[in-house]
Amino acid sequence: MSIFQKTTIALARSPAVGHMMRAMAARTSLARRFVGGADVDEAVRTAEKLREAHGIRASLFYLGEYVADRAAIDHNVCQAVDACRALAAAGLDVHVSVDPTAIGYMRDDTLGEENARRIGTAVQRFGGQGCDWLVLDMEDSSIRDRTCTLHRTLLEAGIPAGLTLQARRRRTPEDLAWAIRQRTSLRLVKGAFPERELDHAGRARIDQAYLDAASIMLSREARDSGFYPVFGTHDDRLAGAIIDLARERGWPAGSFEFEMLYGVRPDWQIALRRLGYNVRVYLPFGADWWPYAIRRVGENPRNAWLLARSLKADGHYFG
């Protein structure tokens, strides 16, 4: 991990800095770039605009870091359920993303599973108009096995649950071997902030691991089982290779999708959509935007200028 990344992680986790940033401006340029709304209604309006203007879909994610406080957990769950209701009312996919540590897994696994079931039941109840999923985000290695277990438990209960896997993790092909035999959705990402003992190292090796995983996801076995591949990448080289592979193996353009972060490479999102491919954005909403937004800077130093603009928002400066 680079010094720049370590610095941005420290900024993301600092309560003092986060409080200062939120006090400085409710919606700075940094927040507006990467966050789709301050509340559910605003986020759904953003999702509607994306769908109407470009045919781009959204997965709503309520912002909340690792929480153990019961009131905060309950609030996070209510926000996810409200997002399901609001998406359905707008005629959009009832598609939400959830961090297990935001819904109870920092406190008690049983509580986390109960809350995941509650959100998944809301997806079932309000869904039916499109591609409706509760997608579990993958966090750090301490929660990985529990997240995979939760995914299996939800599927066994008949809940439309998807999972995020990180290509850089060496064990991802093993997880994929099970997942592609299920009627589920899986979002493949490269994975941020590596752990040396668990991961592939180096860009070239991680890219190859991503394509190896994509090959498994686009196999005949996956297609026959009703598996729905989602490729979370902003890398047009990888996307092009995936498109070629899908075409060679007979996967129609509408049978898989690309997912990107809201605010990152919107031009490429639109271009892919114009080529006929399904595109979805991971669309965060809520007031606690600072940790999420600063991590986007850490993942791509080219976004650092947005941080500088944010620190000067509305005439305020750090002294």
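**Exercise 1. Find out which residues H200 touches, and decide whether H200 is buried or exposed.**

*Solution.* Step 1: set aside the neighbours of H200 within four places in sequence; the residues then in contact with H200 are A167, R168, R169, R170, R205, I206 and A209. Keep in mind as you work that this is a predicted model.

Step 2: place H200 on the chain. H200 sits in the loop that runs between β5 (185-189) and α9 (203-217).

Step 3: pick one partner and look at the distance. R170 is 30 residues away from H200 along the chain, yet their C-alpha atoms are separated by 6.3 Å.

Step 4: judge the exposure. The relative accessible area of H200 is 16%, and buried means under 20%, so H200 counts as buried.

**Exercise 2. Do the same for Y66: where is Y66, what does Y66 contact, and how exposed is Y66?**

*Solution.* Step 1: locate the residue. Y66 belongs to the loop between β1 and α5.

Step 2: list the contacts. Without the neighbours within four places in sequence, Y66 is in contact with T101, M106, E139 and D140.

Step 3: compare sequence and space. Y66 and P100 lie 34 residues apart in sequence, and 8.7 Å separates them in space, C-alpha to C-alpha.

Step 4: use the cut-offs. Y66 has a relative accessible area of 37%; because this value falls between the limits of 20% and 50%, Y66 is partly exposed.

**Exercise 3. Describe the largest cavity: how much space does it hold, and what lines it?**

*Solution.* Step 1: count the cavities. There are 3 cavities of 30 Å³ or more.

Step 2: take the largest cavity, which holds about 90 Å³ of space.

Step 3: name its lining. The largest cavity has 14 lining residues, and those nearest its centre are Y62, N76, A80, S97 and V98.

Step 4: trace the lining back to the elements. At least two residues each come from β1 (57-62), α5 (70-89) and β2 (95-98). The largest share, 4 residues, is supplied by α5.

Step 5: sort the lining by class. You should find 10 nonpolar, 3 polar and 1 charged residues around the largest cavity.

**Exercise 4. Which residues line the second largest cavity, and to which classes do they belong?**

*Solution.* Step 1: note the space, about 40 Å³ for the second largest cavity.

Step 2: list the lining, made up of A47, R51, I56, R57, A58, L87, L92 and D93. Two or more of these residues are given by each of α4 (40-54) and β1.

Step 3: sort them. The lining of the second largest cavity has 5 nonpolar and 3 charged residues, but no polar ones.

**Exercise 5. Step back and describe the whole chain: how many helices and strands does it have, and what share of its residues is buried?**

*Solution.* Step 1: count the elements. The protein chain contains 14 helices and 8 strands.

Step 2: look at burial. The chain has 319 residues, and 55% of them count as buried.

Step 3: turn to the surface. The accessible surface is about 14,000 Å², with 51% belonging to carbon and sulfur atoms.

Step 4: check the contacts. Taking those between residues at least 6 apart in sequence, 74% join residues at least 24 apart.

Step 5: check the confidence. The average pLDDT of the chain is 87, and 81% of the residues score at least 70. Over residues 308-319, however, the pLDDT is below 50, and this stretch has 20 contacts in the model beyond near neighbours in sequence.

Definitions and conventions. Residues numbered from 1 in each chain as written. Predicted model: local features only at pLDDT ≥ 70, side-chain atom pairs only at ≥ 80, totals over all residues. Heavy atoms only, no water. Buried < 20%, exposed > 50% of the residue type's maximum accessible area, 1.4 Å probe, protein only. Contact = heavy atoms within 4.5 Å. Areas by Shrake-Rupley, 256 points an atom, 1.4 Å probe, with all protein chains shown as cover. 1 Å grid on protein atoms, 1.4 Å probe; cavity = no way out; pocket = protein on both sides within 12 Å on 5 of 7 lines; lining within 4 Å. Points joined across faces, edges and corners; volume = space filled by probe spheres on them. Nonpolar A, V, L, I, M, F, W, Y, C, P; charged D, E, K, R; others polar. pLDDT = per-residue confidence, 0-100.
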